[in-house]
Amino acid sequence: MEAHGGGLRRILLLAFCVAGIWSAYIYQGVLQENVSTKRFGPNGERFEQLAFLNLAQSVVCLVWSFIMIKIWSSGNSGGAPWWSYWSAGITNTIGPAMGIEALKYISYPAQVLAKSSKMIPVMLMGTLVYGIRYSLPEYICTFLVAGGVSTFALLKTSSKTISKLAHPNAPLGYGLCFLNLAFDGFTNATQDSIKGRYPKTSAWGIMLGMNLWGTIYNFIYMFGWPHASGFEAVRFCKQYPEAAWDIFLYCCCGAVGQNFIFLTISRFGSLANTTITTTRKFVSIVISSVLSGNPLSTKQWGCVFMVFSGLSYQIYLKWEKLQRLQKKRKAM
């Protein structure tokens, strides 16, 4: 009975994590799309300073992680010093800024789909730079994702979707997304290196260090000179409080979503987290298409399923590898 009760609690906790990640990030996606495409006021002004979202997100997550450390920290030392995050902070500032900026040029579903193809630059760099050889199933995953994203990009976007974009330009939009992925790859590698050098570093410590430098770099970029774009962003938010409210909720969703991601990884592992976040992206595309007025053609939906088939197959391969490793450990 105890084992049954423990299993039930574990299932309920997993369901809680899924609900938390889905609700936080799906709603954040709705807010992000709303801020980037909505016209405010009688003159139909757009919020053009989308990089301001990164500054606001960094500030909120910095404060949030500081509070969490104060509440939950056991006082253990040995974590990574704050200055060790300076280089990862640069790429973590530039990468997401490019991803958000892409929404001026391509639709939200296109952006989500492009950013789901993280494996492509990873495998490309691994093959060309480090001479890594991948298995046939891994190449099949990459082919499905790359083929789906590239075909989606080549297909004609509906006039209704194009009319919502500030500056429609598909090559520039997709280019920004792939640069976002490249910078994210460096950020993740640097974070892993820091975690390896300072194994006692907590998830909250990483979040604090990354967002501290993110706040510094974004603040310099947004307010570092007299006519910097941050001043215009503040003016816009003062003139249109609903935009400021959407930005604040966007930041809160990001902070709450981080909580659920850390909880999922600590209790169920990174594979479970990858599965949840991947399915969340698919649901985000569906919601954007149905509720936000970004209709997709039958061929575009085919591309979406092609990409997520590749991602699902990749998750299955990771699960198989994990099962083999567990069997080896038991045999030893």
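Helix H4 is a good place to start: 7 of its 8 residues are buried, so the rest of the structure largely encloses it. Keep in mind that this is a predicted model. From H4 we can move on to the cores, then to two buried polar residues, and finally to what UniProt lists.

**Helix H4 and the largest nonpolar core**
- The buried residues of H4 are Tyr108, Pro109, Ala110, Gln111, Val112, Leu113 and Ala114.
- One of them, Leu113, also turns up in the largest nonpolar core, which has 26 residues; Leu113, Phe152, Ile285 and Val304 are the ones that touch the most other members.
- Two or more residues of this core come from each of these helices: H4 (108-115), H6 (136-154), H8 (170-197) and H13 (298-331).
- H13 chips in the largest share, with 6 residues.

**Phe152 and its contacts**
- Who does Phe152 touch, not counting residues up to four places away in sequence? The list runs Ala110, Leu113, Tyr174, Leu296, Gln300, Cys303 and Val304.
- Ala110 and Leu113 in that list are both among the buried residues of H4.

**Another core**
- Apart from the core just described lies another one, made of 23 residues.
- Its members include Met222, Ile247, Leu249 and Cys251.

**Gln28 in helix H1**
- Gln28 sits in helix H1, which covers residues 2-37.
- Is Gln28 buried or exposed? Its relative accessible area is 9%, and buried means under 20%, so Gln28 counts as buried.
- Setting aside neighbours within four places in sequence, Gln28 is in contact with Gln57, Tyr250, Cys253 and Gly254.

**Thr161 in helix H7**
- You'll find Thr161 in helix H7, residues 159-164.
- Thr161 has a relative accessibility of 3%, so it counts as buried too.
- Thr161 and Ser309 are 148 residues apart along the chain, and 25 Å separates their C-alpha atoms.

**What UniProt lists**
- An unreviewed UniProt entry gives residues 12-30, 50-69, 136-155 and 203-223 under "transmembrane region".
- In the model, residues 12-30 are 100% helix and 0% strand, and the C-alpha atoms at the two ends lie 27 Å apart.
- Residues 136-155 come out as 95% helix and 0% strand, with 28 Å between the end C-alpha atoms.

Methods. Residues numbered from 1 in each chain as written. Predicted model: local features only at pLDDT ≥ 70, side-chain atom pairs only at ≥ 80, totals over all residues. Heavy atoms only, no water. Core = buried A, V, L, I, M, F, W, Y, C linked by side-chain atoms within 4.5 Å. Buried < 20%, exposed > 50% of the residue type's maximum accessible area, 1.4 Å probe, protein only. Helix = DSSP H or I, 4+ residues; strand = E, 2+ residues; numbered from the N terminus. Contact = heavy atoms within 4.5 Å. UniProt positions renumbered as here; feature names shortened; annotations may be inferred.
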